[in-house]
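Please look over the chain shown here. A few questions and answers about its fold follow.

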Amino acid sequence: MGRLSDGLRFTLSFAIAAVVILSLWGVMLGSMSTSEPPLDLTGAIAIDDPQFEREPTTLTPDPLAPATLPLQRSNGAAYEQLFAQVRQQHQRCPSAPPWYSVPAHPTNFGDRFRTDIHGQVLKQEPIIVLHETVASAQSALNFFQTPHPRDEDQASYHELITLNGWILHLVPWSKRAYGAGNSMFGSESVQTNPRLAPSVNNFALHFSLETPPGGRHNGRQHQGYTEAQYRALAWLIAQTGIPAERVTTHAAVDRSGERMDPRSFSVATLNRYRLADDSC
Ligand SMILES: [Zn+2]
């Protein structure tokens with residue numbers, strides 16, 4: 001009897017200890033996943049706001065580019081026009097996803113070019129390259145808003161779609177975002193810097209998805225993106241009128257062998273939203 005109650009007491013204390021340890025662990029995990037600061041959009045203005053009228057299109061002189069190169073900068077007018085058209089559709093469509101302007105620091109993007117380093121006039125039609133942030137949208141924003149004077153630190157996307165389906169406008173479409181260095185789309189690639197490998201950046205619009213909390217690592221997959229993200233992305237792609245065959249991923253255009261984003265992306269889910277009957 002005594003031995004039995006000792007055994008029972010041991011089992012009970014073990015069970016209680018296990019419950020306490022597991023709940024502490026749960027609390028710890030819970031606080032880890034909620035310790036991320038909420039997205040801070042102080043100072044951001046809505047794309048539909050009249051305050052957001054025209055983005056600067058002045059060309060940025062590059063002190064490192066030798067003047068002798070037959071490179072000609074482009075004011076990106078065709079891309080600016082495309083953006084203006086999408087913005088107009090956004091203003092007209094009350095069910096469109098929320099869209100805010102959160103400008104990246106100008107060191108993180110550059111001009112598009114009319115010619116490549118050999119003086120060849122460029123004729124590529126635009127493509128859309130999809131990415132994921134790996135980090136949270138907030139830390140991605142912090143990075144893009146920080147000046148990065150060194151070429152190798154510069155990175156940006158045109159648009160970032162948060163987990164709750166908001167679109168954050170970071171880089172003017174008339175400008176070249178540094179989304180995919182050393183890249184090629186089919187046989188299309190452009191060299192605009194003698195020191196860097198050819199890339200698709202000159203004719204790309206880079207759209208990135210915020211990675212879910214369970215995917216903030218370098219593993220091969222995660223739980224995937226939210227329905228709100230697919231809906232916002234499908235809306236944005238549809239408004240550009242860029243055909244499906246010119247929508248690609250960073251993983252597909254990358255030539256460095258290092259990029260695999262966006263991981264766990266479902267083309268089928270995107271297509272479901274693209275085909276969904278939307279009133280605007
Ligand atoms: Zn990427």
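**Fold, core and one glycine**

Q: What percentage of the contacts in the chain with a separation of 6 or more is accounted for by residues 24 or more positions apart?
A: The model is predicted. Its secondary structure comes to six helices and 10 strands. Among contacts with a separation of 6 or more, the share from residues 24 or more positions apart is 76%.

Q: Which helix or strand gives the largest share of the largest nonpolar core?
A: This core holds 46 residues, and Val 129, Phe 207 and Leu 233 touch the most other members. Elements that each supply at least two of its residues include β5 (127-132), β9 (204-209) and α4 (227-240). The largest share, seven residues, comes from α4.

Q: Which residues of α4 (227-240) does Phe 207 touch?
A: Leaving out residues up to four places away in sequence, Phe 207 touches Ile 128, Leu 130, Tyr 157, His 158, Glu 159 and Ile 161, among others. α4 spans 227-240. The contacts of Phe 207 that fall in that range are Leu 233 and Leu 236.

Q: Is Gly 214 buried, partly exposed or exposed?
A: Gly 214 is found in the loop between β9 and α4. A residue needs 20 or more C-beta neighbours within 10 Å to be buried, and 12 or fewer to be exposed. Gly 214 has 13 inside 10 Å, so it counts as partly exposed.

Q: How far apart in space are Gly 214 and Gly 224, C-alpha to C-alpha?
A: Gly 214 touches His 222 and Gln 223, not counting residues up to four places away in sequence. Gly 224 is 10 residues from Gly 214 in sequence. In space, C-alpha to C-alpha, the two glycines are apart by 9.0 Å.

Definitions and conventions:
Residues are numbered from 1 along each chain as its sequence is written. This is a predicted model: local features need pLDDT of at least 70, side-chain atom pairs count only at pLDDT 80 or more; totals for chains, interfaces and linings use all residues. A nonpolar core is a set of buried Ala, Val, Leu, Ile, Met, Phe, Trp, Tyr and Cys residues joined through C-beta atoms within 7 Å. Helices (H or I, at least four residues) and strands (E, at least two) are DSSP runs, numbered from the N terminus. Two residues are in contact if their C-beta atoms, placed from the backbone, lie within 7 Å.
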